[in-house]
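Reader: Please take a close look at a single part of the model shown here, starting from one side chain and working outwards, and give the cut-off behind each term as you use it.

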Amino acid sequence: MLAKSDAGRNTHRCVFCDAVTTLTSAELRGALAAAGAWHEAKTLPELAEVAVSTLHELIPCDGVGWNEVDAHRGEVRAITSPVDYFETSQVEALTRLIDQHPIVNYVRRTGDQRATTISDFVSAREFHRLELYTDFFRPLGAEDLLAVVIQATEPVMIGLAFTRPRRTYVQRDRDLLNLLRPHLASAYRNIGARLEAAARVAALERGLEGREVVALAADGRLASASPILRRWFGNLPATVEPGIYEAAHARLTVRRVDGDPPVLLLDEQRFAPHPTRMRELGLTAREGEILTLVARGLSDAQIADQLFLSARTVAKHLQHAYEKLGVHSRADAAARLLGD
């Protein structure tokens, strides 16, 4: 809910708590710009880098870390702003002592992903008694940490952490992070879903002996480009119906496989090379003609009958073609001629 105040500021009620904080219009614009940048990221490392840099501008602090706490591997991975904020020895200390972290333990126990600070759970005196403080926070000059979690489920907990030299975080800082957390979590899930879909398509493609796989969106529209479809249809269409498509020297079979995501299986069988293919490979017209018939499965004798040549002449043309193509068999020669 937004309400205009007399001072020209926007009063924002946080969707995760009962507190009401005041954000300026500039702060709200900055938050929206940051959320937009996160959704433009194509990979998880890119998202992490964009997230820490944009949030460092929104939340004043010494450093911001995108931290992945991997319980199964017993390690912590971090991307920071500034980029050299953590030294290797400090990451090792954090990994070794992560079970002392008050916020990590709270999230593990409750699943609460809202913004919290270390000072919410331990006093300064209690904090200073922790080996985690001695080996990790004190070398950073950090006396408090504000964190928000975007994935709380095991085995990997992912959160953003902000350090300051004093306990000075205010409700505005918490509310801004709580406002932005769903957008960052959504960007993270979307990238993960895209990567998972791409991995499934790649795995499927590897198992189909060279057939091409094209992913589809939920509405049946093509979700990725395809050299084969461009070759057959020119400007890539929005959709391609399953079926068999015939051309003078080739056949394209399109099958749909429903799944998550649905895909089209493209099986192209060519009977003749592209117009410029023979010239590129240094073949004569007769050699190309003979290899085209080889690709159709004809024997030397059958080719000789069809072209009114002797079988010996066919064999000689094939031998010359092998030498030019650097191959030693009929199948390899035909595949080289008819390949992309």
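Author: Phe-136 has a relative accessibility of 2% and therefore counts as buried, a term that means under 20% relative accessible area, with over 50% called exposed and values in between partly exposed, for a 1.4 Å probe and protein chains only. The model is a predicted one, in which local features need pLDDT of at least 70 and side-chain atom pairs count only at pLDDT 80 or more, while totals for chains, interfaces and linings use all residues. Residues are numbered from 1 along each chain as its sequence is written, and side-chain values use heavy atoms, with hydrogens and water left out.

Phe-137 is likewise buried, because its relative accessible area is 0%. Turning from burial to ring geometry, the structure contains eight aromatic pairs, where rings of Phe, Tyr and Trp (its six-membered ring) pair if their centres lie within 6.5 Å, and planes under 30 degrees apart count as stacked, over 60 as edge-to-face and the rest as tilted. The ring centres of Phe-136 and Phe-137 are 4.9 Å apart and the planes stand at 80°, so this pair is edge-to-face.

Both of these residues also belong to a cluster joined by ring pairs, whose other members are Tyr-85, Phe-86, Phe-127 and Tyr-133. Taken together, Phe-136 at 2% and Phe-137 at 0% are two buried residues whose rings meet edge-to-face inside that linked set of Phe and Tyr rings.
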